[in-house]
Amino acid sequence: MTVSQVFKRYYVAGQTDCGRRRDHNEDTVLINEADGIVLVADGMGGHRYDDKASFEANQLVNRLIRQYLPNDRDPRTQPGFWQKMAALWRKPEHADQPSLFEIHSQIIADILVQTNQAIYSLNQEAQMVDGNGMGTTMVGCSYCPTQPKMQAFHVGDSRQYRWR
């Protein structure tokens, strides 16, 4: 098991195991220190290609995080889009505007929806529409450096724990 430090603030570790019932592992772990994302995609046991579903979900989330929430998103250190948004929302006349953390959370939700649609499309392309194709649950967290806060998320019944 590898322990990684995310944004010089949190230590994370991940490990999967196929358990006693299966002969192969259907789970994948993503720890992306640079972009502040930790994800476990847990293939839904009993389906034919759940290891592919968890791998594809993991890769897609990682790619979309880099696309929509690049690691230069901290307005305290990088000029650009996020800095302009932060300046805009600090003004009192825009008090009803969402916070950067709310925007971050919505982007994460959108990424999860896009990932679900991609897995669904893979099932459609492979003509696995009877429910025996591939599927995965996901659980993870994303670091929002502008607050700084950790945003937890999940799709399905996978659990996430926090130790202090």
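1. Strands β5 and β6 form a hairpin with 4 residues between them. Strands here, like helices, are DSSP runs numbered from the N terminus (helices H or I, at least four residues; strands E, at least two). The two strands of the hairpin run antiparallel, and 7 bridges join β5 (residues 136-144) to β6; strands count as paired if DSSP finds at least two bridges between them. Within this pairing, glycine 140 stands opposite phenylalanine 153 of β6, and methionine 138 has valine 155 of β6 as its bridge partner.

2. A word on the basis of these remarks. The model is predicted: local features need pLDDT of at least 70, side-chain atom pairs count only at pLDDT 80 or more, and totals for chains, interfaces and linings use all residues. Residues are numbered from 1 along each chain as its sequence is written, and side-chain values use heavy atoms, with hydrogens and water left out.

3. The hairpin belongs to an open sheet of 4 strands in the order β3-β4-β5-β6, paired in the antiparallel sense. Its edges are β3 (27-32) and β6 (149-155), each of which pairs on one side only. On average, neighbouring strands of this sheet are turned by 5 degrees against each other, direction ignored. On the β4 side, strand β4 (residues 37-43) pairs with β5 over 7 bridges, again antiparallel. There, alanine 41 stands opposite methionine 138.

4. How many residues of β5 are buried? The number is 9 of the 9, so the strand is largely enclosed by the rest of the structure; buried means under 20% relative accessible area, exposed over 50%, and partly exposed in between (1.4 Å probe, protein chains only). Both faces are covered: one side carries Thr136, Met138, Gly140, Ser142 and Cys144, and the other Thr137, Val139, Cys141 and Tyr143.

5. Helix α3 packs on the sheet and touches β5 and β6, its direction making about 155 degrees with that of β5. Contact means heavy atoms within 4.5 Å; axes are lines fitted to C-alpha atoms, for helices over the stretch in contact, and angles run from 0 to 180 degrees between N-to-C directions. The 26 residues of α3 (residues 100-125) should span 38 Å at 1.5 Å a residue, and the end C-alpha atoms are 37 Å apart, which agrees. The expected span is 1.5 Å times one less than the number of residues. Buried residues of α3 include Leu100, Phe101, Ile107, Ile111 and Ile119.

6. The end of α3 and the residues after it deserve a look. Asparagine 123, in helix α3, counts as buried at 9% relative accessibility. Residues up to four places away in sequence aside, asparagine 123 touches Met128, Val129, Gly133 and Met134. Glutamine 127, which follows α3, has a positive phi, near 55 degrees. Is valine 129, in the loop between α3 and β5, buried or exposed? Valine 129 is exposed, with a relative accessible area of 58%. Its contacts, neighbours within four places left aside, are Asn123 and Gln124.

7. The count of salt bridges comes to 1, where a salt bridge is a side-chain nitrogen of Lys or Arg within 4 Å of a carboxyl oxygen of Asp or Glu. The side chains involved are those of aspartate 35 and arginine 66, at 3.1 Å from N to O. Aspartate 35 lies in the loop between β3 and β4 and arginine 66 in helix α1 (residues 50-68), so the pair ties together parts 31 residues apart in sequence. Aspartate 35 counts as buried, at 4% relative accessibility.
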